[in-house]
Amino acid sequence: MRRFISHKTINLISQTTTSSISSSSPSPNSPSLSPNSPLTSLLRFFSTLHPSSPDSMASDYSATPITMDNINPKVLKCEYAVRGEIVSIAQTLQQNLKDNPGSHPFDEILYCNIGNPQSLAQQPITFFREVLALCDHPSILDKSETQGLFSADAIERAFQILEQIPGRATGAYSHSQGIKGLRDTIASGMKARDGFPADPNDLFLTDGASPAVHMMMQLLIRSENDGILCPIPQYPLYSASIALHGGTLVPYYLDEQTGWGLEISELEHQLKTAKSKGIDVRALVVINPGNPTGQVLGEANQREIVEFCKKEGLVLLADEVYQENVYVPDKKFHSFKKISRSMGYGETDISLVSFQSVSKGFYGECGKRGGYMEVTGFSPEVREQIYKLASVNLCSNISGQILASLIMSPPKVGDESYESFSAEKEAILSSLARRAKTLEDALNSLEGVTCNRAEGAMYLFPCINLPDKAIKAAEEAKTAPDAFYAKHLLNATGIVVVPGSGFRQVPGTWHFRCTILPQEEKIPAIVSRLTEFHKKFMDEFRG
């Protein structure tokens, strides 16, 4: 395995060096490297892990029954750019920095590729972690010292939750939909948010939102003739899950010129086109706030979307995991459940599935793997099939279930933790808003770069107008032009972004996704590194 990884890494790094923007390179397309260059050192290091030998990978595994030729072709078709090639290179560079400090023109890797807040030093919410700690180790609830270490409302909440868990044990299996008492709490929180009741029996607690999306794709997709309407640019979870389950992604393009607007005329056009090809479109995916695009839908637009799904008989799959991440005063999050019910549509009028996660918002508990979906507008018989799918996985993890209940029922006015909770929440969200604005302004100041307003979520998705010479160099390197740019950015600055081609985009346009999550004090350094790199890159490839 080590030999395979080193061989793969050498290939990846070699691809990035054929057109280095380093001043030591005589030509942007020169295949040679300076003997003392950092990348030469890195290649030499990995060569020691992969010496030439007749005992090659092919001979090692040629007799094994599973090969790239006979594995499930749906797996080969599946791609997930957020953790793709550039991240692999970044991880290798990070190890090289650790082993050989000073070997690169930067001293750390800045991961701006994924929405993983706590990996970038965001602190967890105190109240949430106090409740989790008490639930995981309930014996300390009976100790006198506990009163001085934990807030009174955290202790009270832990007692309440433990009474709802069979055996009062977070290490035990639960009901396949999730612990009933926790679902009751989430349903109450949804009612408070929307003004319309929620049924705890409509809730399926999952290990983050991703398994819930997979579950719905399993339910909806019968063959490649079944299509799912997805926004372009889209979060790669959707293209990956559609590919894995054998369906067809039907793209609808968001309008970058209108702030990544969702036009009903575009939905109608793409639906008609798909039907003409024999595709049975089953559902519409809407991501609000948007990932990777960061827009927040207006109420009027949401009503149009609900009407479209009602008219066309489509299941509305509402990805609402960034509902807490809205940064502009003229926009507000409204759930599609609230919108559809306010339009007078009830349980049997429209099929709607909404997704929520503990990984995003101001909590950022990605590693705890908590989330849920609310499933409405499905017959009891179909609901039984969804429950069967949930049962195959037994249940989601209990810590994630507890967190899902906590984010929908945080401390209230009068609770001991309320003031500290509110201060932590406000500090995180206001800082994210400042970071988003700083990066947005910096990106818009770069030559050939335009970036829409960051209204919500955790990302910016700027458009980069690359010189023809850079596009030609990317073609020669057999890589997408925005991936070519992102690799050069990484090797020059240590900044990791995701090429827009990994999210799909209007043909002929190039983008990258950059998170707003690095610590606020590091944002100026990111801006400085990016600005300096971009100027050198444009000067080198200006043509």
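Here are a few exercises on the structure above, each with a worked solution.

This is a predicted model, where local features need pLDDT of at least 70, side-chain atom pairs count only at pLDDT 80 or more, and totals for chains, interfaces and linings use all residues. Residues are numbered from 1 along each chain as its sequence is written, and side-chain values use heavy atoms, with hydrogens and water left out.

**Exercise 1. Get an overview of the protein chain.**

Start with the secondary structure: the protein chain has 20 helices and 14 strands. Both are DSSP runs numbered from the N terminus, with helices being H or I runs of at least four residues and strands E runs of at least two.

Next, look at burial. Buried means under 20% relative accessible area, exposed means over 50%, and partly exposed is in between (1.4 Å probe, protein chains only). Of the 543 residues in the protein chain, 53% are buried.

Now turn to the surface: about 23,800 Å² is exposed, with carbon and sulfur atoms supplying 53% of it. These areas come from the Shrake-Rupley method with a 1.4 Å probe, and for residues only the protein chains shown count as cover.

Finish with contacts (heavy atoms within 4.5 Å). Among those in the protein chain with a separation of 6 or more, 73% are between residues 24 or more positions apart.

**Exercise 2. Work out which salt bridges Asp 539 makes.**

First, the rule: a salt bridge is a side-chain nitrogen of Lys or Arg within 4 Å of a carboxyl oxygen of Asp or Glu. That gives 24 salt bridges.

Asp 539 pairs with Lys 535, their closest N and O atoms being 3.1 Å apart. The two sit 4 residues apart in helix H20 (residues 523-540), so about one helical turn separates them. An α-helix has 3.6 residues a turn, so residues three or four places apart point the same way.

Asp 539 also meets Arg 542 in a salt bridge, at 2.5 Å from N to O. As for accessibility, Asp 539 is partly exposed at 39%, Lys 535 is exposed at 55%, and Arg 542 is partly exposed at 44%.

**Exercise 3. Compare that with Asp 194: is its side chain buried or exposed?**

Asp 194 is buried, with a relative accessible area of 6%. Its salt-bridge partner is Arg 193, at 2.8 Å from N to O, and Arg 193 is partly exposed at 25%.

**Exercise 4. Check the span and surroundings of helix H19.**

H19 covers residues 481-493, which is 13 residues. The expected span is 1.5 Å times one less than the number of residues. From first C-alpha to last, H19 reaches 18 Å, close to the 18 Å expected.

Then check burial: 12 of the 13 residues are buried, so H19 is largely enclosed by the rest of the structure. Among them are Phe 484, Tyr 485, Lys 487 and His 488. After the helix comes Gly 494, with a positive phi near 80°.

**Exercise 5. Describe what surrounds Asn 288.**

Locate it first: Asn 288 is in the loop between strand S5 (280-287) and helix H13 (299-312). Asn 288 is buried, at 1% relative accessible area.

Then list neighbours. Leaving out residues up to four places away in sequence, Asn 288 touches several residues, including Gln 302, Asp 319, Phe 333 and His 334. Leu 297 is another, and its backbone nitrogen lies 2.9 Å from a polar atom of the Asn 288 side chain.

Conventions. Polar contact = N/O pair within 3.5 Å; in protein donor to acceptor, adjacent residues only side chain to side chain.
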